[in-house]
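Thanks for coming. I will go through the empty space inside this protein, then the nonpolar cores. Please have the sequence and the structure open.

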Amino acid sequence: MAADSDHYRPGETPEDGLAALDARVRRDLTVIDYPRHDWTPRLTRDGEPVLDVAIIGAGQGGLATAFALKRGNITNVRIFDRASRGGEGPWVTFARMITLRTPKYVTGPDLGIPNLTPRAWYEARYGAGAWERLDKIPRGDWQAYLDWYRAVLDLPVENDRSFEHVAWEDGLLRLTFRDAEGREYRYLARKLVLATGIDGGGRWHVPDFIRQALPRARYAHTSEPIDFAALRGKRIGVLGAGASAFDNAATALEEGVASVALCLRRRVIPSVNPYRWMENAGFLAHFSALSDTLRWRFMRHIYELNQPPPQDTFWRCRRHPTFSYHTGCGWTGARMEGDEIVVQTPDGEMRFDFVIIGTGFAVDMALRPETASFAGSVALWRDRFTPPEGEDSAVLAAHPYLGESYQFLPRDAADPLAPMLANIHNFTFSATPSMGLSGASISGMRFGVERLARRLGRDLFVADGAWHLDQLLNYITPELVSLDPPDA
């Protein structure tokens, strides 16, 4: 996108605009820098430094959490991400919408600092007029904004670090990582934040009848890399009713596939987006304070509605004459017949060359290698809550039941892993039934990040209360240094 001429002075470039914005951000941070010193003790064990907080995931939730901690003068923090720099999160990897689904005026990562907002960045890059004309922020620009945010705030990220395991070692968390070449890295931390996104509580779901019947090269989940150019001229089947299914259908059509048939189990395409209702400060800030019954009823309704395709996404599909959609047409089986994929549906068989699966994700921490070792100890909603008759939900029941600091709770208080769980904070989408929208949602990030950072700071201060008292008792720096009259 070109820069907007009504914003820049003659000879000024977008790079000049961003440089000026960088300077304003740094001044803002200097102006509000109070108190001006760290307050957590720097711990070591056998000469090895101990992090106060380790954050897994350098996407929007992880970066914003690190900044919120920095704002609270907690700087002994490190962020780890398995991706290379610039590839964190979904925005330039598997997200296939053209723009964010969230309104452009959303805030969150900025933590209330105007010059850190998406709007400030966009105007500095493209001009004020471009912002006024903008409908929603393009997803590539959102990634560019996050890249700038990380750089201007100098956030401590280590890329190419796949988180593999956590263990409890005498009151500290032992974290194990591996890089792309197989080298192992180990760290000690007091607190661990899992900011691993939508599928952070499990894994993307592909039905067994697809996985077991079709060659791996003939299907893909919407979350996976797809070589759409290689599918030109092919017949594509898409399974799913949500926004991502339609995003992938549209992308395939735009890349020149012969046809796309999108099939969904529901009798009607979802149209009501509960996220738009949830975007009110009361719900975003205070949902987690509700009773279990109210939280369950809210989330049961929200999960049943799902997130429908936005109007512009649906139009991306419908403008292609080779697009069709089939309601009440969930797939019940699949097989290969020669070189064709044959899918069974209530309406009969359908034949494709490739299928794309948009069936979301399964919440099961045992499916993720980094959480599998302690998954059996974590309390789930089904362990803590019995829904009223007729209000069951197997999906909600499988989610972790979290404490007020986003921490995992034990199924059994006597479990030897209970102290470890108290120091692992779940900032993934699977926190939603307990905490509402948070780190994996742009809409709720502002509230979730601030709540998490405050709780982490509280936990650290309380754990070190005796040390802080000792610091006070040994504080002898005088403020009154002279009893003599001032010099004339």
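The largest cavity encloses about 50 Å³ of space. Keep in mind that this is a predicted model. Counting cavities of 30 Å³ or more, the structure has two.

Which residues line the largest cavity? From the earlier part of the sequence as numbered, Ala-58, Gly-59, Leu-63 and Glu-88 are in the lining, along with Gln-143, Leu-146, Asp-147 and Arg-150. Helix α5, residues 139-152, gives the largest share of this lining, four residues. By type, the lining of the largest cavity has three charged residues, three nonpolar ones and two polar ones.

Now the second largest cavity, with a volume of about 30 Å³. Its lining is made of Pro-118, Trp-121, Tyr-122, Ile-137, Asp-141, Trp-142 and Tyr-145. Two elements, α3 (118-126) and α5, each contribute two or more residues to the lining of this second cavity. How does this lining divide by residue type? Six residues are nonpolar, one is charged, and no polar residue is present.

On to the cores. In soluble globular proteins, nonpolar side chains tend to be buried together. Here the largest nonpolar core has 77 residues, and within this core Tyr-149 and Leu-192 touch the most other members. Leaving out residues up to four places away in sequence, Tyr-149 touches Leu-63, Ala-64, Phe-67, Pro-109, Asp-110, Leu-116 and Leu-155. Leu-63 also turned up earlier, in the lining of the largest cavity. Apart from the largest core there is another, of 23 residues, including Ile-236, Ala-250, Leu-253 and Leu-262.

That is everything from me.

Technical notes
Residues are numbered from 1 along each chain as its sequence is written. This is a predicted model: local features need pLDDT of at least 70, side-chain atom pairs count only at pLDDT 80 or more; totals for chains, interfaces and linings use all residues. Side-chain values use heavy atoms; hydrogens and water are left out. On a 1 Å grid over the protein atoms alone, a cavity is a set of points where a 1.4 Å probe fits but cannot get out, and a pocket is an open set with protein on both sides within 12 Å along at least five of seven lines; lining residues have an atom within 4 Å of a point. Grid points are joined across faces, edges and corners, and a volume is the space filled by probe spheres set on the points. Ala, Val, Leu, Ile, Met, Phe, Trp, Tyr, Cys and Pro count as nonpolar, Asp, Glu, Lys and Arg as charged, and the others, Gly among them, as polar. A nonpolar core is a set of buried Ala, Val, Leu, Ile, Met, Phe, Trp, Tyr and Cys residues joined through side-chain atoms within 4.5 Å. Buried means under 20% relative accessible area, exposed over 50%, partly exposed in between (1.4 Å probe, protein chains only). Contact means heavy atoms within 4.5 Å.
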